[in-house]
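Please open the model in a viewer and keep the sequence panel visible. The tour proceeds by selections, each followed by an account of what is found there.

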Amino acid sequence: MSDATTHRQAGAGHNAAPDLLELYRGLVLIRRCEERLSQMFSEGEVPGFIHLSIGQEAVSVGVMAALTPDDTIASTHRGHGHAIAKGLSLDGFFAELLARETGLCKGRGGSMHVADMSVGMLGANGIVGAGLSIALGSALAHRTRKTGAIAVAFFGDGALAEGLLHECLNMAALWKLPLLFVCENNGWGEFLPTSKQLSFALKDLAAAYRIPHLCIDGNDVALVADHAVRIVAEVRHGGPRILECLTTRVRGHFEGDAQKYRDADELAALSARDPLRIAAGHLAELGFDEAALGGIADEVEARIDVSVEAARAAGFPAFADAMADVYTPAQGAA
Amino acid sequence: MAEMRYLKAINQALTDAMAADPSVILIGEDVSEAGGAFGASRGLRERFGAERVLDTPISEAALAGAAVGAALSGLRPVAEIMFMDFTTLVMDALVNQAAKARFMFGGQRSVPMVLRTPHGGGLGAGPQHSQCLEAWFAHVPGLKVVCPSDPASAYGLLRAAIDDPDPVVFVEHKGLYAMKSEVPDTLPILPLGKAATLREGRDVTIVAYGAAVHTAMTAAATLADEGIEAEILDLRSIQPWDEQAVLASLAKTHRLVIVHEAVEAFGVGAEIAARMADIGFDELDGPILRVGAPFMPVPFSKGLENAYLPSPDRVIDAVRRTLA
């Protein structure tokens with residue numbers, strides 16, 4: 001913890017040093033939201049496909065702690081954590097997951113398309129790697145419009161084999177765009193270990209494109225936040241960077257995936273790397289007791305209850321409203 | 001009135017749009033230093049700067065995806081894909097991202113981007129540099145598709161496409177780039193989704209777009225010598241298309257022929273024919289006929305390509321058939 005504290009102070013040029021208790025609160029919020037979704041999914045209340053980021057929360061919380069509200073992010077199919085950490089409306093989030101008209105996307109997108117443009121969250125994405133070029137364009141817009149903001153592209157190690165990634169790395173480096181690439185390396189691409197999908201490591205790609213690359217433990221939120229604060233400041237003024245976060249996919253590729261392809265030892269070892277456990281350990285060293293942390297969890301659960309109940313009470317979207325929104329309604333039209 | 005080439009009209013539309021709105025940028029392969037593979041963006045880098053006229057590497061997927069991201073972040077990008085055949089490489093950006101972002105995000109934000117691309121044969125460019133693939137895009141809810149036939153409509157429709165809040169695939173026929181015609185001194189912006197009647201006639205309606213409009217006009221001149229008066233509708237916009245204009249003309253002539261250079265099967269003509277067979281059924285005095293390319297890739301050898309492209313003779317044959 002002392003290293004991290006030193007780093008935070010040293011790196012706190014642009015943003016204030018993230019407070020570990022606040023970071024922990026962010027982790028708990030994502031974890032409890034997704035556990036609630038998992039439960040509701042298993043009970044048949046959440047329709048469609050959902051992909052949970054349990055075990056990866058520290059990447060979302062740590063990176064987002066370094067961003068301003070004007071910074072934009074493009075996310076993945078496993079995007080709940082990114083969205084929640086970027087500060088999207090929790091009511092709108094649960095309403096969307098429950099396919100209600102009050103959802104952020106009016107019940108038209110669901111889990112894989114959660115977006116909140118008002119907080120710079122340009123969307124989860126059902127297509128692996130697609131968010132990379134959207135973030136590329138957003139970074140280009142920031143530079144052209146001189147907003148001073150940056151764009152962040154989140155992607156998994158499964159996306160490393162997508163051709164679009166290579167195009168985007170090249171263009172971001174060529175144009176020195178304010179674009180941070182955040183690779184959430186959980187070792188899996190759907191049902192196959194990425195060790196069986198990739199002939200290279202991201203650091204080698206980074207070297208080829210001459211983009212500074214750093215690989216860190218993505219499950220230590222304080223560490224992620226410290227590095228993110230420093231690297232985001234570099235991106236803002238110096239062009240693209242790659243932050244590779246080694247992390248853990250605890251749940252299956254999708255909810256309902258029994259993960260028969262994973263061995264018991266690997267799954268058993270995950271709890272030792274649990275981002276909440278790691279953060280709680282650091283907080284204990286700083287003198288925060290279990291009661292304090294439990295209080296955070298209680299607050300979060302109460303907040304989630306409010307959103308879930310509001311979503312349950314909301315109506316389902318009307319077909320005519322959806323039909324009227326395929327194109328932008330003409331100005332002056334209803 | 002002055003004469004203007006189709007390519008100059010595109011260039012003028014880009015110039016005027018960029019002058020009118022600082023959020024308009026151009027992005028594509030060779031659009032900046034080279035001024036465009038066909039010259040559509042010549043002089044724009046010098047006038048508006050390299051920051052707004054961006055040469056990309058040969059990375060169609062990324063440049064199209066970047067246009068989506070830029071459009072979601074406050075710009076109005078105009079992306080160029082050098083040949084329509086290369087739009088196979090931008091399908092995800094257009095179909096899964098641009099077309100759906102407004103809808104699937106609940107109308108939070110529109111995607112004001114234009115993707116310009118030339119289609120069409122006649123230049124001996126072969127199977128991968130000649131295709132007319134507009135029907136693919138017209139099939140995707142959320143995209144608009146435009147295909148002008150002459151300099152004035154190229155200008156007016158491109159200005160409208162850039163002003164439009166939604167993603168527009170703007171298809172130019174590369175065989176028309178050198179075409180010159182009279183245009184008014186002040187070129188108007190033309191609405192998307194509206195057809196133009198280029199020739200009035202009582203006997204048959206011929207609907208066409210892009211270069212096929214000229215094939216239809218040539219056919220109409222020959223038919224007029226035989227006493228058959230064809231009404232020519234230039235569709236201009238393919239998605240949305242001017243259903244009411246086609247229906248109104250059909251109500252006048254009671255016969256309909258649709259002409260396009262794209263492959264006939266499963267094409268734009270099929271959609272128009274199906275709609276008119278539905279809402280215009282009572283007006284029809286003959287079969288609705290289509291004239292398009294045969295079901296084969298665009299061939300290279302001149303004789304093959306000439307036989308492949310829809311000709312005035314095939315339009316005349318179709319008109320005679322529906323009048324028989």
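Begin with K146(A) and E51(B), shown as sticks: their side chains form a salt bridge, with an N to O distance of 3.5 Å. The model is a predicted one, and the distances and areas given here are computed from it. Between chain B and chain A the count of salt bridges is two. Polar contacts between chain B and chain A link 17 residue pairs, with both residues at pLDDT 80 or more.

Next, select the elements β2 (24-28), β3 (53-55), α3 (60-71) and α4 (91-104) of chain B; each contributes at least two residues to the side of chain B that touches chain A. Colour α3(B) separately, since with nine residues α3(B) gives the largest share of that side. A colouring by residue class shows 19 nonpolar, 14 polar and eight charged residues on the side of chain B that touches chain A.

Now widen the selection to the whole contact. Chain B brings 41 residues to the contact and chain A brings 40 residues. The size of an interface is often expressed as the accessible area lost when the parts come together. Here about 3200 Å² is buried between chain B and chain A, and carbon and sulfur atoms account for 62% of that area. Highlight F103(B), F105(B) and Q108(B): together they supply 18% of the area that chain B buries against chain A, more than any other three residues.

Leave the interface selection and display chain A as a cartoon. Which strands make up the open sheet, and in what order? There are five, arranged β1-β2-β3-β7-β6 with parallel pairing. At the edges lie β1 (72-74) and β6 (213-217) of chain A, each paired on one side only. From one strand to the next, the twist averages 20 degrees.

Zoom in on β6(A) and its partner β7 (residues 241-246) of chain A, which are paired in the parallel sense over five bridges. To locate one position in this pairing, select C215(A), whose bridge partner in β7(A) is E244(A).

Add helix α8 (residues 202-209) of chain A, which packs on the sheet and touches β3, β6 and β7 of chain A. The direction of α8(A) makes about 175 degrees with that of β7(A).

Finish with helix α6 (residues 130-145) of chain A. Helix α6(A) lies across β1, β2 (151-156) and β3 (179-185) of chain A, and runs at about 170 degrees to β2(A).

Note on methods
Residues numbered from 1 in each chain as written. Chains lettered and ligands numbered in written order. Predicted model: local features only at pLDDT ≥ 70, side-chain atom pairs only at ≥ 80, totals over all residues. Heavy atoms only, no water. Contact = heavy atoms within 4.5 Å. Buried area = accessible area lost by both parts, 1.4 Å probe. Salt bridge = Lys/Arg side-chain N within 4 Å of Asp/Glu carboxyl O. Polar contact = N/O pair within 3.5 Å; in protein donor to acceptor, adjacent residues only side chain to side chain. Helix = DSSP H or I, 4+ residues; strand = E, 2+ residues; numbered from the N terminus. Nonpolar A, V, L, I, M, F, W, Y, C, P; charged D, E, K, R; others polar. Pairing = 2+ DSSP bridges. Axes fitted to C-alpha atoms, helices over the stretch in contact; angles between N-to-C directions.
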